[in-house]
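Q: I have a model open and want to learn to read its features. Can we go through them one at a time?

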Amino acid sequence: MMKKSIALALVLVLALVTLAACGAKKDAPAADPAAALVGTWEMDPLAAMQAADPSATAIPGMENAKIGFEFTADGKLNVTMMGQTVPAGDYKVNGNKITMDMGAMAGATTGTATDVEYKIDGNKLSLTAEGQTVELTKK
């Protein structure tokens, strides 16, 4: 009788394990944190200046100018100003930080990396550095 109970218990446990394994979902691969960042984001330079200094005014002739930041999937950063796109450098994402090395734009080869905190909320990208936050909109 004891052997029958143990055998029945083992059969039930095996059946449950088999059923659980068949129905188990595989974990989805972890999303690339930089994937949502890839694309072109526009910034209003006047709004950025006013974030640092509320009394700032537009530069004459640039009242409606936009600055575009293109983050590519391969870690490159391009900047568009006044219709001209230039390679600005490289970027890496680590958690909620972007390390941007804009040496290509500055003509330098070293010492140009900057850490910036970022947050994406829908089509808005907030970049914060040294206590200042600017907001960009996905194009």
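Q: Which element gives the most to the lining of the largest pocket?
A: Look at which elements the lining residues belong to. Here β8 gives the most, with four residues. This is a predicted model.

Q: How much space lies in the largest pocket?
A: A pocket has a volume and a lining. The volume here is about 350 Å³. The lining has 21 residues, and those closest to the pocket's centre are Phe69, Met100, Val116, Leu127 and Val134. Two or more lining residues come from each of α2 (45-52), β2, β3, β6 (113-121), β7 (124-129) and β8 (132-138).

Q: How many residues of each class are in that lining?
A: Sort the lining by class. The count is 16 nonpolar, five polar and no charged residues.

Q: Which residues touch the most other members in the largest nonpolar core?
A: Start with the members and their mutual contacts. This core has 18 residues, and Leu37, Phe69, Phe71 and Leu125 touch the most other members. At least two residues each come from β1 (39-43), β2, β3, β4 (84-94), β5 (97-101), β6 and β7. The largest share is from β2, with three residues. Phe69 appears again here: it is among the residues closest to the pocket's centre and also among those touching the most other core members.

Q: What does Leu37 touch, beyond residues up to four places away in sequence?
A: Skip the sequence neighbours and list the rest. Leu37 touches Phe71, Tyr91, Val93, Ile98, Tyr118, Ile120 and Leu125.

Q: Is Gly68 buried or exposed?
A: Compare the relative accessible area with the cut-off. Buried means under 20%. Gly68 has 7%, so Gly68 is buried. Gly68 lies in strand β2 (residues 67-71).

Q: Which residues is Gly68 in contact with, leaving aside neighbours within four places in sequence?
A: Contacts can join separate stretches of a chain. Gly68 is in contact with Trp41, Glu42, Asn78, Val79 and Thr80. For a distance, take C-alpha atoms: those of Gly68 and Asp44 are separated by 9.0 Å, with the two residues 24 apart along the chain.

Q: Where is the place of Thr72?
A: Locate the residue against the strands. Thr72 is in the loop between β2 and β3 (76-81). At 16% relative accessibility, Thr72 counts as buried, because that is under 20%.

Q: What lies 2.9 Å from a polar atom of the Thr72 side chain?
A: Check backbone atoms as well as side chains. The partner is the backbone nitrogen of Lys76. Leaving aside neighbours within four places in sequence, Thr72 is also in contact with Val38, Asn78 and Tyr91. Asn78 is in the contact list of Gly68 too.

Methods: Residues are numbered from 1 along each chain as its sequence is written. This is a predicted model: local features need pLDDT of at least 70, side-chain atom pairs count only at pLDDT 80 or more; totals for chains, interfaces and linings use all residues. Side-chain values use heavy atoms; hydrogens and water are left out. Buried means under 20% relative accessible area, exposed over 50%, partly exposed in between (1.4 Å probe, protein chains only). Contact means heavy atoms within 4.5 Å. A polar contact is a pair of N or O atoms within 3.5 Å; within protein, one must be able to donate a hydrogen and the other to accept it, and residues adjacent in sequence count only if both atoms are side-chain atoms. On a 1 Å grid over the protein atoms alone, a cavity is a set of points where a 1.4 Å probe fits but cannot get out, and a pocket is an open set with protein on both sides within 12 Å along at least five of seven lines; lining residues have an atom within 4 Å of a point. Grid points are joined across faces, edges and corners, and a volume is the space filled by probe spheres set on the points. Ala, Val, Leu, Ile, Met, Phe, Trp, Tyr, Cys and Pro count as nonpolar, Asp, Glu, Lys and Arg as charged, and the others, Gly among them, as polar. A nonpolar core is a set of buried Ala, Val, Leu, Ile, Met, Phe, Trp, Tyr and Cys residues joined through side-chain atoms within 4.5 Å.
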